[in-house]
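Hi,

Here is the structure I promised to pass on. Have a look, and then read on for what I found in it.

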Amino acid sequence: MKRVLAAMTVCALAGAGCGAARPLPSSRGAFEALSEALGRDDGAAEVYAMLPAAERAAMTLREFTERWTASREERQRAASAARTLLRTAAPVATVPAPDHDLTLVEDPEGWRVGDPLMGPAAGARVEGRSGARAALRGLRLALRRRDMPAVMASLSSRLRGAIEAELAAVLAALEDPDALDVLQIPGAAPVRVPLGDGRAVVLVREDGQWRIDDIVGP
C-alpha cells in the first residue's frame with residue numbers, strides 16, 4: 001500500500017490526469033480529491049481511478065479495495081500529511097524554454113507564472129527544492145537583465161542589509177566630492193582617493209574617462 005500511496009502522491013503533484021481513468025481538474029484538484037478520499041473508508045474506488053494506468057493494470061479494483069480496507073491507520077496518516085501539504089506547499093510544473101525553464105505554480109486561483117520575466121521570482125515562495133531552484137533561476141535572470149532591483153530583492157535580509165549599509169556609508173563619505181583630497185594624477189595609473197572614513201576610492205582611466213575601479217577598506 002505504501003508504494004501505491006507514493007504513486008498517488010507523485011500523480012497528484014506531477015500534473016493533472018496522470019493517466020487516470022477519468023480526467024482530473026488540475027494538480028491541486030487531484031491532490032485535494034486524494035486527501036479527502038484517503039480519510040474515507042468508502043474512497044477506494046475513487047482513489048483507484050486516480051492511479052496511473054500502469055498501477056491499475058498491475059492491480060484489480062478488488063485487490064486494491066482489500067488493501068484499502070486493511071490499511072485504515074496508514075491511510076489516515078497519509079490523509080493528514082496530504083492536508084498539511086495542501087496548506088504549506090503548492091503544486092509546481094516546469095516548462096522547458098529556449099533561454100530558461102519557466103516555473104508554473106498552482107494556487108487556489110489557478111496556475112500562475114512562478115518566474116516572471118522581470119522582478120523577483122514568485123516561485124521562490126514554494127517550499128523545498130522547487131522553490132530554491134526558482135530563486136536561483138530568478139537571480140540568474142536578474143543578472144542577465146542587469147536588473148539590480150531584482151537582484152537585491154532576491155537577496156536575504158542579512159546580505160541585502162549589509163550591502164545597503166555599505167552603500168549608505170559610501171554615499172555619506174561622498175557627500176562633498178570636491179573636498180576629497182586627490183593627491184596626484186599619475187597618467188594612466190590608478191588613483192587612490194581617501195574618503196576620510198578609512199576607505200578609499202580607486203579610479204582608473206578607461207575609454208577616455210575616469211571610472212570607479214574599486215572601493216577598498218582601511
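Which backbone oxygen does the side chain of Ser-71 reach? Keep in mind that this is a predicted model. The oxygen belongs to Arg-67, and the side chain of Ser-71 comes to 2.8 Å from it. Ser-71 lies in the loop between H5 and H6. Ser-71 has a relative accessible area of 6%, so it counts as buried, the cut-off being under 20%.

The helices on either side of that loop turn up again in the nonpolar core. The largest core has 16 residues, and those touching the most other members are Phe-31, Leu-34, Leu-38, Val-47, Phe-64 and Trp-68. Two or more residues come from each of helix H2 (27–38), helix H3 (44–50), helix H5 (61–70) and helix H6 (72–88). There is also a second, separate core, made of 7 residues, with Val-191, Val-193, Val-201 and Leu-203 among them.

Helix H7 is worth a look as well. H7 runs over residues 128–145, and its 18 residues should span 26 Å at 1.5 Å a residue; the end C-alpha atoms are 26 Å apart, so the two agree. Its buried residues are Gly-131, Ala-134, Arg-137, Gly-138, Leu-141 and Ala-142. Because these cover an arc of only 135° around the axis, they sit on the same side of H7. Arg-129 and Leu-136, on the other side of H7, are exposed. After H7 comes Arg-146, with a positive phi near 55°.

Happy to talk it through whenever suits you.

Best wishes

Notes
Residues are numbered from 1 along each chain as its sequence is written. This is a predicted model: local features need pLDDT of at least 70, side-chain atom pairs count only at pLDDT 80 or more; totals for chains, interfaces and linings use all residues. Side-chain values use heavy atoms; hydrogens and water are left out. Helices (H or I, at least four residues) and strands (E, at least two) are DSSP runs, numbered from the N terminus. The expected span of a helix is 1.5 Å times one less than its number of residues. Buried means under 20% relative accessible area, exposed over 50%, partly exposed in between (1.4 Å probe, protein chains only). The arc is that of the directions from the helix axis to the C-beta atoms. A nonpolar core is a set of buried Ala, Val, Leu, Ile, Met, Phe, Trp, Tyr and Cys residues joined through side-chain atoms within 4.5 Å. A polar contact is a pair of N or O atoms within 3.5 Å; within protein, one must be able to donate a hydrogen and the other to accept it, and residues adjacent in sequence count only if both atoms are side-chain atoms.
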